[in-house]
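I opened the model today to look at one charged side chain, then at the nonpolar cores, and last at enclosed space. My entries follow in the order in which I looked things up.

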Amino acid sequence: MNRQAQAVILLLVGGAVLRASLTGQYLNYVKPSLQPYLIASGALLVVAGIFTLWYELRPGHRHEQEHDHADDGHGHGSGGPRVAWLLLAPVIGLLLVAPPALGSYAAGRSGSALVAKSDFAPLPAGDPVRISMLDYASRAVFDQGVSLGDRRVELTGFAMRGPGGAWLLARMMVSCCAADARPVKIALDGELPDGLAEEQWLRVTGRYTARQIKDSVNGETIPYLEVSEVTLIPAPEEQYES
C-alpha cells in the first residue's frame, strides 16, 4: 500500500464517519452526546487524507522520491502493511450495509437492566407524564410504585415477547455505545392492538400496578404497566436511552 492509497483510505474512513455523524445514522451506534467528537474525528481524517494526497501529488515530489531511492540503493516505493486495507471493511459496512439499532433480538438475549436508588424525586407535571423506561422500572421495582402513585405515565419502546409469551415494552439503554447496550423491559397488562408484531414501536399510556414477573435471561424483576392507551408509532430517531 503506497501513500496515495493510504490517503484515499483516510478520506473514505473520514467521509464515512462524517456521513454517519451528520445524517443521524450514528445514533444506531452511540449516544447523542458523542456527535461532536465524531464530527471532529471525521473532519480530522478527511483533512489528513487531503494533505497527504496533496503532498504526494505535488510537482517535484516524484523526483525527490527517485533521488532518495538512488541514494539508499533501493528501488522500492515507501508503503505501509497490506493489513491496512482492512480499514476499508468498516467503511463498506457504513456505506453499504449499515446495521440498524439493536432491537428485540438483542433484548431477548440480554437480562433486563435496573438501577437501584434510595429515593425518588416527585414526578414532573403533566397528564400523562412522559418518563423514561428506566425511570418507570426503577420506581416500580425499588420504590414499590410509591412515587408513581395513581399518575398516568407515558412510555415509548418496542414490542417483544417475554416470559410465558407476555408482551413486553422494551428499550435499549446505553452508557456509551451499542457495545454496552442493555434492555429495560416492562410487561404490558391490558388490551393491546390486534396483530401486534415484535419490533413495532409503541407509545403506551398507563398506570402502575404491583404485578411483576421474572426475566428468563437473568432472573431480574420485570414490572408491569396497566395499559390504558396504545399508539403505534414509527421508530424514533433516537432509539436508545442513556
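I began with lysine 185, which I found in strand β4, residues 182-189. I bore in mind while reading that this is a predicted model. Is lysine 185 buried or exposed? Its relative accessibility comes out at 3%, and because buried means under 20%, I entered lysine 185 as buried. I then looked for a partner for its side chain and noted a polar contact with the side chain of aspartate 215, at 3.0 Å.

Next I turned to the nonpolar cores. The largest of them has 24 residues, and Ile131, Tyr136 and Leu155 are those with the most contacts inside it. Two or more residues each come from α6 (133-142), β2 (153-161), β3 (167-173), β5 (201-214) and β6 (221-233), and also from β4, the strand in which I had found lysine 185. The most is given by α6, with five residues.

I followed tyrosine 136 further and, leaving aside neighbours within four places in sequence, listed its contacts, which include Ile131, Leu148, Val153, Leu155, Ile186, Arg207 and Tyr224. Apart from the largest core lies another, of 18 residues, and I wrote down Ala101, Ile213, Ile222 and Ile233 as being among them.

Last, I searched the whole structure for cavities of 30 Å³ or more and found one. The largest cavity has a volume of about 40 Å³, and its lining is made up of Leu27, Val30, Lys31, Pro32, Glu238, Gln239 and Tyr240. Sorted by class, that lining has four nonpolar residues, two charged and one polar.

Notes. Residues are numbered from 1 along each chain as its sequence is written. This is a predicted model: local features need pLDDT of at least 70, side-chain atom pairs count only at pLDDT 80 or more; totals for chains, interfaces and linings use all residues. Side-chain values use heavy atoms; hydrogens and water are left out. Helices (H or I, at least four residues) and strands (E, at least two) are DSSP runs, numbered from the N terminus. Buried means under 20% relative accessible area, exposed over 50%, partly exposed in between (1.4 Å probe, protein chains only). A polar contact is a pair of N or O atoms within 3.5 Å; within protein, one must be able to donate a hydrogen and the other to accept it, and residues adjacent in sequence count only if both atoms are side-chain atoms. A nonpolar core is a set of buried Ala, Val, Leu, Ile, Met, Phe, Trp, Tyr and Cys residues joined through side-chain atoms within 4.5 Å. Contact means heavy atoms within 4.5 Å. On a 1 Å grid over the protein atoms alone, a cavity is a set of points where a 1.4 Å probe fits but cannot get out, and a pocket is an open set with protein on both sides within 12 Å along at least five of seven lines; lining residues have an atom within 4 Å of a point. Grid points are joined across faces, edges and corners, and a volume is the space filled by probe spheres set on the points. Ala, Val, Leu, Ile, Met, Phe, Trp, Tyr, Cys and Pro count as nonpolar, Asp, Glu, Lys and Arg as charged, and the others, Gly among them, as polar.
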